[in-house]
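Dear colleague,

I am passing on the structure we spoke of, which is a predicted model. Please look through it first; my notes on what was found follow below.

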Amino acid sequence: MYRLAMIITTAILWTFTPIAQASSEAENPPTKEELVQKRMSYYMKHENVLMPWYYLAAVDQFERNIQEVRTDIPKRESVIAIQFSDEFWSGALNPAENDISPLSIAYFKGLGIDGDGDGIADKQNDEDVLLSMANYLRQYGYGEDNFKLALWDYYKNEISVNQIVVLAKLYEKFRTIELDQHTFPIMLGAQYSYRGTWGANRGWGGRRNHEGTDIFAPYNTPVLSASYGVVEVMGWNQFGGWRIGIRDNHNSYHYYAHLGSFEKGLQEGDIVKTGQVIGYVGSTGYGKEGTAGKFPPHLHYGIYKFNGRTEWAFDPYPALTKWEKEAKEAKK
């Protein structure tokens, strides 16, 4: 009875405090910069030698990414996006699915932890959530291989693991989570033209729809990375010719095809920044390796989104017009 009363009391206290805080935040929602600073403060607080901050940031961002594009997953409206199942948090045999007592959670071998020292392990509390994930990952030991193993045991999906590792590499390289800058993939000042070509018929290699936007430009016009990212794929594709695929911090795969050549020294696994030259316009593709000249020179640009299960293409034209406008305004 004493334990039950203590849990009820602490739960009541916990319930009323966030309501006032949530009301205040609703009236004065934090800016994007404030959210970035808050997240970074959480990551830095819970990092250590076995768990660098960018591993925690990568898992958190991956969870945020899939929540944005999945209707079957509730979106966690908080600073930290990570959310756990009742079984993970409270323990598989725990009769209290939403247990908040650190002692009983530990007794039933749950992984929920009190992260802010208030005596409650609440999976709605950002610090409790982040420390619980940090402790789970730390159990596997130090280094990228152990990090991958922990992610595999948690997600059971190789693509998810690889994309979280991409995020970690980006954050480690640039020392920030603020990597949302984009730009138009053809250098301003060059001659180019484009229009919305999404869904247009394509006949070579079988009837199919066009999954991207064609940007026509002269041979050897520099092609820029539209985002920060990691070079995931690079080489020949019979449809796209010489092409590059870059994964960004939102699980989006940027596809640059029909290139005449790659930027010297660029290779798979390289980390690139927004606006970096990655290749040059050509007319390659529609045949065996080296085929070129079957159509006017242009860049085929596509974007594919991963939601934790599947990947699909979406029309990049609206984003291209936005990035082109922003690039022109920045150049003024």
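I begin with a pair of helices: the axes of helix H6 (residues 126-138) and helix H7 (residues 144-155) come within 9 Å, crossing at roughly 115 degrees. On the H6 side the contact is made by Met133, Tyr136 and Leu137, and on the H7 side by Phe147, Ala150, Leu151, Asp153 and Tyr154. Sorted by class, these are seven nonpolar residues, one charged residue and no polar residues.

Tyr154, which lies in H7, counts as partly exposed because its relative accessibility is 22%, where buried would require under 20%. Setting aside residues up to four places away in sequence, Tyr154 touches Glu63, Gln83, Phe84, Phe88, Met133 and Tyr136; the last of these is 18 residues from Tyr154 along the chain, with 9.4 Å between the two C-alpha atoms.

Turning to the interior, the largest nonpolar core has 45 residues, among which Tyr43, Val59 and Leu137 touch the most other members. At least two residues of this core come from each of helix H2 (32-46), H3, helix H4 (86-90), H6, H7 and helix H8 (158-174), and H3 gives the most, with nine. A second, separate core of 23 residues includes Ala217, Leu259, Leu266 and Ala319.

As for H3 itself, 15 of its 17 residues are buried, so this helix is largely enclosed by the rest of the structure. Beyond its neighbours within four places in sequence, Tyr43 is in contact with Trp53, Leu56, Ala57, Asp60, Ile80, Leu130 and Ile177.

With best wishes

Technical notes:
Residues are numbered from 1 along each chain as its sequence is written. This is a predicted model: local features need pLDDT of at least 70, side-chain atom pairs count only at pLDDT 80 or more; totals for chains, interfaces and linings use all residues. Side-chain values use heavy atoms; hydrogens and water are left out. Axes are lines fitted to C-alpha atoms, for helices over the stretch in contact, and angles run from 0 to 180 degrees between N-to-C directions. Helices (H or I, at least four residues) and strands (E, at least two) are DSSP runs, numbered from the N terminus. Contact means heavy atoms within 4.5 Å. Ala, Val, Leu, Ile, Met, Phe, Trp, Tyr, Cys and Pro count as nonpolar, Asp, Glu, Lys and Arg as charged, and the others, Gly among them, as polar. Buried means under 20% relative accessible area, exposed over 50%, partly exposed in between (1.4 Å probe, protein chains only). A nonpolar core is a set of buried Ala, Val, Leu, Ile, Met, Phe, Trp, Tyr and Cys residues joined through side-chain atoms within 4.5 Å.
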